[in-house]
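Trainee: I am new to this structure. Can we walk through it step by step?

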Amino acid sequence: MSENPAATVHLPDDRSKVGSGPFQFRCHQGVSCFTTCCQKLDMYLYPFDIIRLKNALGLHSADFIRRHARIAQGSHPYFPAMMLNMMNDEAAKCPFLCQEGCSVYQDRPSACRTYPLERAVEKSVTHNRLVEHYFMTQHPYCKGHDETNTYTIRQWLRDQGLHDYNLMNDLWAEVEAFFAANPWQGEGKAGPRQQLAFMACYNIDDFRSYTQQHNLLRRFRLDKDRRRRIERDDSELLKFGFDWLQFVLGSRPTLQPR
Ligand code: SF4
Ligand code: SF4
């Protein structure tokens with residue numbers, strides 16, 4: 001339940017930054033605003049969000065995109081972002097909202113987990129690593145801020161199951177930064193290279209078929225364990241896809257060819 005990023009390279013300037021101390025918040029079924037936040041959202045979906053949602057719904061990733069997502073302008077012009085479609089009626093509710101609340105709660109997107117915080121990451125030039133920042137959103141309709149429970153950021157991340165999401169979103173932020181440098185070698189938008197990248201990032205089931213058809217895993221030195229994990233697990237395949245894109249498009253040493 002949020003309007004925007006869980007992992008970007010931009011720092012929002014209209015939010016109050018949250019430090020290491022506790023903040024006051026609790027969301028539960030008893031609040032008068034329950035599910036008010038699950039409508040009329042412009043919510044970005046990151047590659048790992050799509051994997052979690054399409055698996056929770058038992059959909060092929062191409063079907064999930066067709067039914068639930070749309071292409072949107074991202075933080076730069078060189079690669080599209082994806083957004084979750086709301087229902088096409090006046091209420092414009094999230095399609096996963098049901099009477100009891102979120103029907104995909106265990107697999108809800110990063111932004112819903114992070115709310116009322118927003119996460120931004122930036123690359124520290126000094127330490128050559130990503131540094132995260134958290135900002136507090138204060139929507140007047142959200143009564144969770146009036147509850148007396150307190151959390152530190154660390155407690156909130158654990159409570160909301162954000163560890164895997166943030167890890168995958170940080171890898172995505174690196175790839176996004178790579179795309180922002182226009183690595184399409186003159187092909188322009190939606191050329192064959194970008195279409196391949198779109199598939200690897202957002203349409204993991206088609207990318208799995210592509211890796212099988214082209215024997216992609218066999219072309220690189222991958223230890224047995226990693227290869228098995230990639231063959232079984234969509235998020236491991238996504239990590240491989242991120243490495244592969246940076247290798248083929250940017251000649252980065254992210255993979256070792258055989
Ligand atoms: S407390 Fe805030 S996050 Fe929870 S349901 Fe209400 S508006 Fe949504
Ligand atoms: S995915 Fe769940 S938590 Fe997120 S907006 Fe939809 S119903 Fe609300």
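Mentor: Let us start with one residue. This is a predicted model. F198 sits in helix α6, residues 192–202.

Trainee: Is F198 buried, exposed or partly exposed?

Mentor: Count the C-beta atoms around the residue. A buried residue needs 20 or more within 10 Å, and an exposed one has 12 or fewer. F198 has 18 such neighbours, so F198 counts as partly exposed.

Trainee: How far apart in space are F198 and P80?

Mentor: In sequence, 118 residues separate F198 from P80. In space, C-alpha to C-alpha, the distance between F198 and P80 is 8.2 Å.

Trainee: Into which domains is the protein divided?

Mentor: There are two entries to note. One is domain 1, covering 16–160. The other is domain 2, covering 183–250.

Trainee: Which element gives the most to the side of domain 1 that touches domain 2?

Mentor: The contact takes 11 residues from domain 1 and 10 residues from domain 2. On the domain 1 side, two elements give two or more residues: α1 and α2 (61–68). The top contributor, with 5 residues, is α1.

Trainee: How does that side of domain 1 divide by class?

Mentor: Sort the residues into nonpolar, polar and charged. The side of domain 1 that touches domain 2 has no charged residues. The rest divide into 3 polar and 8 nonpolar.

Trainee: Why is helix α1 said to be largely enclosed by the rest of the structure?

Mentor: Helix α1 spans residues 47–57. Its buried residues include P47, F48, I50 and L53, and also D49, R52 and K54. Helix α1 is largely enclosed because, of its 11 residues, the number buried is 8.

Trainee: Which residue just after α1 takes a positive phi?

Mentor: Look just past the end of the helix. The phi there is about 65°. The residue is G58.

Trainee: Which residues have the most contacts inside the largest nonpolar core?

Mentor: This core has 48 residues. Helix α5 (residues 163–179) supplies the largest share, 8 residues. Both domain 1 and domain 2 give at least three residues each. The residues with the most contacts inside the core are L45, I50 and V175.

Trainee: What is L45 in contact with, leaving aside neighbours within four places in sequence?

Mentor: Start with I50, A69 and P109, which are all contacts of L45. The list also takes in three residues in a row: M82, M83 and L84.

Trainee: What is the strand order of the open sheet that holds β3 and β4?

Mentor: This sheet has 3 strands with antiparallel pairing. Its edge strands are β3 (44–45) and β4 (69–72), each pairing on one side only. β3 joins β5 over 2 bridges, while β4 joins β5 over 4 bridges. The order is β3-β5-β4.

Trainee: Which residue in β5 stands opposite Y44?

Mentor: Y44 and R70 lead to one place in β5. The bridge partner of R70 there is M83. Opposite Y44 stands M83.

Trainee: Which side chains of β5 point to one face and are buried?

Mentor: In a regular strand the side chains alternate between the two faces of the sheet. Along β5, A81 and M83 point to one face and are not buried. The buried ones, on the other face, are M82 and L84.

Trainee: What is the order of the open sheet that holds β1 and β8?

Mentor: Here too the sheet has 3 strands and antiparallel pairing. The edge strands are β1 (16–17) and β8 (117–124). β1 pairs with β9 over 2 bridges, and K17 stands opposite F135 in β9. The order is β1-β9-β8.

Trainee: Which residues come nearest to ligand 1?

Mentor: The shell has 13 residues. By class they are 9 nonpolar, 3 polar and 1 charged. Those nearest are C27, C33, C37, C142 and G144.

Trainee: And which come nearest to ligand 2?

Mentor: This shell has 11 residues. They divide into 10 nonpolar, no polar and 1 charged. The nearest are C38, C94, L97, C102 and C112.

Key
Residues numbered from 1 in each chain as written. Chains lettered and ligands numbered in written order. Predicted model: local features only at pLDDT ≥ 70, side-chain atom pairs only at ≥ 80, totals over all residues. Pairing = 2+ DSSP bridges. Near = placed C-beta within 6 Å. Nonpolar A, V, L, I, M, F, W, Y, C, P; charged D, E, K, R; others polar. Domains from an automatic or database assignment. Contact = placed C-beta atoms within 7 Å. Core = buried A, V, L, I, M, F, W, Y, C linked by C-beta atoms within 7 Å.
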